[in-house]
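Colleague: I should like to learn how the contacts in a model of this kind are to be read. Might we go through them one feature at a time?

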Number of protein chains: 2
Amino acid sequence: MEIQPLGMILGGLKGIFPRLMANRMSELGITYTFDQMVVLMIVRHSKQKQLVQQDIAEHMKKDKSLVLRIVDVLEKDGLIVRITDPNDRRRNIINITGKGVDLTDLFYAEEQLITKELMVGLTDEEIYTFYKVINHVKTRAEEF
Amino acid sequence: MEIQPLGMILGGLKGIFPRLMANRMSELGITYTFDQMVVLMIVRHSKQKQLVQQDIAEHMKKDKSLVLRIVDVLEKDGLIVRITDPNDRRRNIINITGKGVDLTDLFYAEEQLITKELMVGLTDEEIYTFYKVINHVKTRAEEF
DNA sequence: AACAATAGTTGACATTTACAACTGTTTATT
DNA sequence: AATAAACAGTTGTAAATGTCAACTATTGTT
């Protein structure tokens, strides 16, 4: 069976979710970009005791200068705090604030809602396979 | 079964493919961005007899001013031509050139290669279900 | 003829992409 | 101990993207 190129397929898909989320969030008066929320979610759910900007950049596979700018905005708005690591003053440890927790709770709830609506009509097995393929593709991509 | 929010999942995936393609293309001395190639592919494979910028913007769900800027670059580089519609001078009909065809052939070949490599280890049925879910999600998103 | 709608263009601003070059700090090497 | 290398973060920059408003030229409707 011929495989359709992923680029064109994902290209068609990639803007959909952030746009739906942006529409929903702006209705709630929240204007953070998708990547800003992604950073906040990473900080919120990180299992690392001491998450630093470099970790976030690696996680997102984005340039550290972009992560810095995003972290700057989130800190300015009181969603996270940056603390110099006493054991290594090169590093800034990033923690989420109560305000940040509230925002990520809201974002996550909206995200789940939209996801459920998009998935209506699919079986559990189809959804399971979908996520399996995505994880597989990610893993393969990291081996390149 | 609990559904993971698509945003975080796709957020992790979305940059992967364009980045792999960009790496591959730059090795070949080609520096067009992913979206520029997407526009070229749309022009190439469009079944419409007279494709205009507005059609491309709708297809990509992007602002027409962005499409204009991309079309400007592709035209400047001789990959497409823009012809005023004799029946409606508001419209510019966009056609691909021979040079554009060559580039899209190359892009498509590389895209298929990378897709195949990413899909190694998955069954035909898993891949089929993956595309089915993606098309389903796109269709649902358009109904919002 | 007047008005509404469409296609495209231009401008503006914020964000992202992607890289280089820099500073300060820590670790490794000599 | 002194120096070099590596690391984390910062700053700057140019190009591209995202997004919107306002505009011009043209076509469609009333």
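Modeller: Let us begin with a term: a salt bridge is a side-chain nitrogen of Lys or Arg within 4 Å of a carboxyl oxygen of Asp or Glu. Please keep in mind that this is a predicted model.

Colleague: How many salt bridges does that rule find across the interface of chain B and chain A?

Modeller: The rule finds two between these chains. One of them joins A:Glu126 to B:Lys132, with the closest N and O atoms 2.6 Å apart. Residue pairs in polar contact between chain B and chain A number nine.

Colleague: Which helices of chain B supply at least two residues each to the side that touches chain A?

Modeller: They are H1 (6-14), H2 (16-27), H3 (34-45), H6 (98-119) and H7 (124-142) of chain B. H7(B) gives the most, namely 15 residues. By class, this side of chain B has 29 nonpolar, nine polar and 13 charged residues.

Colleague: How is the size of such an interface expressed?

Modeller: The size of an interface is often given as the accessible area that is lost when the parts come together. Here, the area buried between chain B and chain A is about 5,500 Å², and carbon and sulfur atoms give 74% of that area. The contact draws 51 residues from chain B and 50 residues from chain A.

Colleague: What turn and shift lay chain B on chain A?

Modeller: A turn of 180 degrees with a shift of 0.0 Å along the axis does so, at an RMSD of 0.1 Å. This is the relation of a two-fold axis. In chain B, the C-alpha nearest the axis belongs to B:Phe130, at 2.4 Å from it. Of the interface residues of chain B, 98% are also interface residues in chain A, so the copies meet through the same surface.

Colleague: Let us turn to the DNA. Which residues are closest to DNA strand D?

Modeller: A total of 22 residues surround DNA strand D, the closest being A:Leu68, B:Thr33, B:Lys62, B:Ser65 and B:Arg69. By class, this surface has four nonpolar, six polar and 12 charged residues.

Colleague: Which parts of strand D do the side chains approach?

Modeller: B:Thr33 has a polar side-chain atom 2.7 Å from a phosphate oxygen of DNA strand D. An N or O atom in the side chain of B:Arg69 is 2.6 Å from a base oxygen, and one in the side chain of A:Lys64 is 3.2 Å from a base nitrogen. Of the strand D atoms within 4 Å of the protein, 61% belong to sugar or phosphate and the rest to bases.

Methods
Residues numbered from 1 in each chain as written. Chains lettered and ligands numbered in written order. Predicted model: local features only at pLDDT ≥ 70, side-chain atom pairs only at ≥ 80, totals over all residues. Heavy atoms only, no water. Contact = heavy atoms within 4.5 Å. Buried area = accessible area lost by both parts, 1.4 Å probe. Polar contact = N/O pair within 3.5 Å; in protein donor to acceptor, adjacent residues only side chain to side chain. Helix = DSSP H or I, 4+ residues; strand = E, 2+ residues; numbered from the N terminus. Nonpolar A, V, L, I, M, F, W, Y, C, P; charged D, E, K, R; others polar. Near = heavy atom within 4 Å. Least-squares fit on C-alpha atoms with pLDDT ≥ 70 in both.
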